Amino acid sequence: MNAIPLTPWAAAKLKAERPAAGENQDFANTTDPSLKYADPNGYPRISMHPMRFKLIQTDDYLYQLWEYNQNWRKSR
C-alpha cells in the first residue's frame, strides 16, 4: 500500500498526535481536543456515532443537528 504524500508540516503534525487509546497512550498525554479540553464533538467526528443527524440548509446558514448528545452547529 502506498503512503499518502504529506508536506513536511503535515508529517510532523501527524507524528505529534497522541490519541487517548492505543499502545503506550493514556488520557493524561492525549492531544485529542475533544477529550483534553472537553470540546464538544464536531464534524466529522460526530458523524461516526451510530445516532442520526440532519443537515438543514437555508439561504443564510447550514445547520447540523445530531441526535447524539443533542448537539447542534450553525455554519455561515
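**Exercise 1. The hairpin**

Strand 1 and strand 2 form a hairpin; how many residues lie between them?

*Solution.* Step 1: between strand 1 and strand 2 of this hairpin there are 4 residues. Strands here are DSSP runs (E, at least two residues), helices are runs of H or I with at least four residues, and both are numbered from the N terminus. Step 2: strand 1 covers residues 53-57 and strand 2 covers residues 62-66; the two run antiparallel and are joined by 5 bridges. For two strands to pair, DSSP must find at least two bridges between them. Step 3: look across from Gln57, and you find Leu62 of strand 2 standing opposite.

Before going on, a word about the model: it is predicted, so local features need pLDDT of at least 70, side-chain atom pairs count only at pLDDT 80 or more, and totals for chains, interfaces and linings use all residues. Residues are numbered from 1 along each chain as its sequence is written, and side-chain values use heavy atoms, with hydrogens and water left out.

**Exercise 2. The whole chain**

Find the order of helices and strands along the sequence, then say which element has the lowest mean pLDDT and which the highest.

*Solution.* Step 1: count 2 helices and 3 strands in the chain. Step 2: reading along the sequence gives α-α-β-β-β. Step 3: turn to pLDDT, the predictor's confidence in each residue, from 0 to 100. The lowest mean among the elements, 60, belongs to strand 3 (residues 72-75), and the highest, 91, to helix 1 (residues 8-16). The chain as a whole averages 76, with 68% of the residues scoring at least 70. Step 4: for burial, 12% of the 76 residues count as buried. Buried means under 20% relative accessible area, exposed means over 50%, and partly exposed is in between (1.4 Å probe, protein chains only).

**Exercise 3. Thr30 and Gln25**

Is Thr30 buried or exposed, and what does its side chain reach?

*Solution.* Step 1: place Thr30 in the loop between helix 1 and helix 2 (33-36). Step 2: Thr30 counts as buried because its relative accessibility is 0%. Step 3: follow the side chain of Thr30 to the backbone oxygen of Arg18, at 2.9 Å. Step 4: leaving aside neighbours within four places in sequence, list the contacts (heavy atoms within 4.5 Å). On that basis Thr30 touches Arg18, Pro19, Ala20, Leu35 and Lys36. Step 5: now try Gln25, which also sits in the loop between helix 1 and helix 2. With the same neighbours within four places set aside, Gln25 is in contact with Arg18, Pro19 and Ala20. Gln25 is partly exposed, because its relative accessible area is 23%.

**Exercise 4. An aromatic pair**

Which residues form the aromatic pair, and how are their planes arranged?

*Solution.* Step 1: searching the whole structure gives 1 aromatic pair. Step 2: the partners are Tyr61 and Tyr63, with 5.9 Å centre to centre and 50° between the planes, a tilted arrangement. Rings of Phe, Tyr and Trp (its six-membered ring) pair if their centres lie within 6.5 Å; planes under 30 degrees apart count as stacked, over 60 as edge-to-face and the rest as tilted. Step 3: check the surroundings of Tyr63, which is partly exposed with a relative accessible area of 26%.

Notes: Polar contact = N/O pair within 3.5 Å; in protein donor to acceptor, adjacent residues only side chain to side chain.
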